[in-house]
Amino acid sequence: MQRENYYIILELSVDPPENDHKVIEKTIQNKKVEWSRLRNHPTKGLQVQKFVNMIPDIQKVMLDETLRKKEAQAASELMEAGKENIISEIDGHIDILMGKGYITKEDIIRLAKIHGLSQTEITDRITEKKNTKYSRIDQLISLRMGKGYITEDEVVKIAKKNTMDPKEIRNRIRGPIVKDEKEADSLKIQPVDKSIEKTINDNLKIIVKTSLYHFLGMSENSDLKALQEKAGQKKKELATTGKKDAVVTAGITLTGHCLTIFKSDEARLAYDISLARAKIAALDSDINIAAINKKIRHEYFDALIDKAVEYGMDRMEASSYIRSFCQKKKYGIEQKPEKKRLFVTAAAASALAVVIMVAGFFVFSKIHHKNVLKSDYQQLIKKVGAQTKPDQKIRLLKKYVNNHVKSEYSVDAKNRISQIELQINSKKLDQILKQADQLIEAEKLDDALAFYNRHLTQELHKESKKTVNQRIKNVLALIEKRDFKELTTVALKGEPDQKIEIFQKYLKTHSNGKNKDQVKSLINEMSVEYFIYVKKKLAFYEQHEKWEDCVRLCQSYIGIYDNSNSDQLKQQLPEYQENIRNKKIYISLVEKADKHGTNYDAASQVFKDYLEAYPESSITKKIKKDIKRLNDLMSIQNINQAANAIRLQFAETKGRFVEKHPGVIIDTKTGLMWSMLDSDITKPDTCLNYEEGKRYVESLTTGGFTDWRLPAPEELVGIFNTSPTFPVNGKKSYWTSENYSGYSDGWQIQVTTFSSEYSTRWEITQKNALECGVVRAVRSP
């Protein structure tokens, strides 16, 4: 005996299935408490005790991912089976209520309450049944349009047979309705011209369609405007087809007829008359074929009735029509054979009875088994018809096929599965085509192409894939046309690089495009124009040392053209590639130098070592510039260190010399402002003659002041010979503002200096202006 489903007894979600371990564990624990509390319940006690005993297995199944997945599937099938039974019961109730010709809002509310469903679900089921019913009614109407009209009597008969109001039937009839045959005589309704009808039918055979409605994928009761729109879409679709084979040509012809026939109600009615007469003609043809030796076997007679029912007749009407046709043609109809009586002697009766009993048993068993199969299959078909979703129908039919041996019913079930799958596939294809058409109309061709390719990988029928592949070809043709149009615009107005880029892109994207030869010709024609552009760009890139761009541009031209210009660029290419290599080397040198931080001497040595090894490289100028930069930084660093050391010495002057501005010292006795650092510190290892010393002072901006000057001798005496003295390191010879001209082997300028070079103390001396000296700048407050 099959156990209860754990998802169901735990009351967990099945659609979607609950998979959270924490939720499942908590639910099991809560159920365990609930079942334990109900153990002594008079009616539920035995059941809950059974559930309590199942808890270990429940935990094993529900906490194992693989087992839980199977349990969820089984729960879904159980719930679906229950739903199938409910739907079958609902259909029965709907059929009863529709017996009065309509269903009220109160009926829907009552059905929803009885079956535990929403009013929307009940309404949807009613709508589906109505649509099925209307489809059959449309068949009945369509067949009767063969004579160009329908009588009131026929309207009443159709309404009565389908338990509907005659007014509803009239609303579905597009042609004239007459009281009787006499009134019809005044109507001047003609079918489509025979030559046109033949053309339509011949082309329908090529594309394997039965009517223009079938060709457009629309029902025979579709609105005229909808048929016109569909015909327009079909025309546009076929117009973009690249390959014009027999099928496409036939489609184009049929599209033209659709646009003509579905232009007005009168033209459509003429086609409907022709279509109805064609059905009758097909039935007449089938009767003639079945009349072998002017006699129709009873099996063929039953098959002809089934055929007539498919066209829109009821069985009684079909039987009457076929018999009437046979009577006119003088065909006989074979009667079903009756059981023959057996006459036996009394002597053989006993033996015969035994044989009959044995044979009868087997015959009865066989007939009974066949009847059971038939009954089961009929029940299945009823259940299948009750389903709203195609996949539910397929699941039921597959289950039947898998559980039954091969028979006429299993074969029929397989055929039904194939038909449903084709319908699903057709619907899916229609949706794909519709969405893609919307993208194409919005001129989103690349999106449409991606959309088609994405759906091509799905499970589509072979013929559907052919259709999608053809649509892909159509879209590719539209993309090629769009791209070539854009290319033409750029060819007229674009820059050379834009032209080459779009030409190359076109050839790459549309390697077999119909305009590829023209594009190749455009590329060849602009070889000189593009070379001039390349030379200008190369000059710009060289100026800005964009060597990678130089290489890219050269390779672009060389890859397209093989001429003297490309030979010239080939000669330049190695130099650009060498520059790229040197650029990488330079970046590497900078990184190595940066690792030394503020040790500028060591950083400078990195560049000096490379310069010594490769004095003539393309980065020599850059390296020399970096060496100078680092030397300047090193000089600034030395100056700052010297300034910090001197500041410590000023602290020992007992407040006489004070730094009021950065690098500016005020002598509090005289008020004079002195530069903290002399030229010996700011310009180390530099010889300053008198003229250079004056220029040095004039360019000085220490402390933001620009009026610095050379001091007078007595001003220097005041700071170096009067305690506390101005701090100074080493022997110096300072230029002063006093100078005079003298003659000794020619005119010379002599300058008064204040020096400690040749003595242990400071003294005023004379020095030739061409000799070296030091500047200690001063300014008045």
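This report describes the overall form, the cysteines and several local backbone features of one protein chain, as they appear in a predicted model.

**Overall form**

The protein chain is built from 32 helices and eleven strands. Its radius of gyration is 54 Å, whereas a compact globule of 781 residues would have a value near 28 Å. Along the principal axes, the C-alpha atoms fill a box of roughly 180 × 90 × 55 Å. Of the 781 residues, 37% count as buried, and the accessible surface comes to about 48,000 Å², with carbon and sulfur atoms contributing 53% of that area. When contacts between residues at least 6 apart in sequence are considered, 60% of them join residues at least 24 apart. The chain carries 129 positive and 108 negative charges, and the mean positions of these two groups lie 8 Å apart.

**Cysteines**

A search of the whole structure finds one disulfide. The link is formed by C687 and C772, whose sulfur atoms are 1.7 Å apart, and with -95 degrees about the S-S bond it is left-handed. C687 sits in the loop between α30 (679–682) and α31 (690–698), while C772 sits in the loop between β10 (763–768) and β11 (778–779), so the pair ties together parts that are 85 residues apart in sequence. Both partners of the link can also be described by their accessibility: C687 counts as partly exposed at 42% relative accessibility, and C772 likewise counts as partly exposed at 39%. C554, by contrast, is in no disulfide, and the nearest cysteine sulfur, that of C550, is 6.7 Å away. Because a disulfide requires sulfur atoms within 2.5 Å, the 6.7 Å between the sulfur atoms of C554 and C550 does not qualify as one. C554 is buried, with a relative accessible area of 0%, and C326 is buried as well, with a relative accessible area of 1%.

**Backbone features in loops**

Most residues other than glycine have a negative phi, and most peptide bonds are trans. The table lists four places in the model that depart from these habits.

| Site | Feature | Value |
|---|---|---|
| D15 and P16 | cis peptide bond | omega about 5 degrees |
| S723 and P724 | cis peptide bond | omega about -10 degrees |
| E443 | positive phi, not a glycine | phi about 65 degrees |
| K654 | positive phi, not a glycine | phi about 60 degrees |

As to the cis peptide bonds, P16 lies in the loop between α1 (6–9) and α2 (21–37), and P724 lies in the loop between α32 (713–720) and β8 (733–743). As to the residues with positive phi, E443 is found in the loop between α20 (408–441) and α21, where it is exposed with a relative accessible area of 66%. K654 is found in the loop between α29 (620–650) and β5 (657–661), and at 79% relative accessibility K654 counts as exposed.

**H461 and its surroundings**

H461 is found in the loop between α21 (445–456) and α22 (462–493), and at 35% relative accessibility this histidine counts as partly exposed. Leaving aside residues up to four places away in sequence, H461 touches L422 and N425. H461 and L429 are 32 residues apart in sequence, and their C-alpha atoms are 9.2 Å apart in space.

Note on methods:
Residues numbered from 1 in each chain as written. Predicted model: local features only at pLDDT ≥ 70, side-chain atom pairs only at ≥ 80, totals over all residues. Heavy atoms only, no water. Helix = DSSP H or I, 4+ residues; strand = E, 2+ residues; numbered from the N terminus. Buried < 20%, exposed > 50% of the residue type's maximum accessible area, 1.4 Å probe, protein only. Rg over C-alpha atoms; globule rule 2.2 N^0.38 Å. Contact = heavy atoms within 4.5 Å. Areas by Shrake-Rupley, 256 points an atom, 1.4 Å probe, with all protein chains shown as cover. Lys, Arg positive; Asp, Glu negative; His and termini not counted. Charge placed at Lys NZ, Arg CZ, Asp CG, Glu CD.
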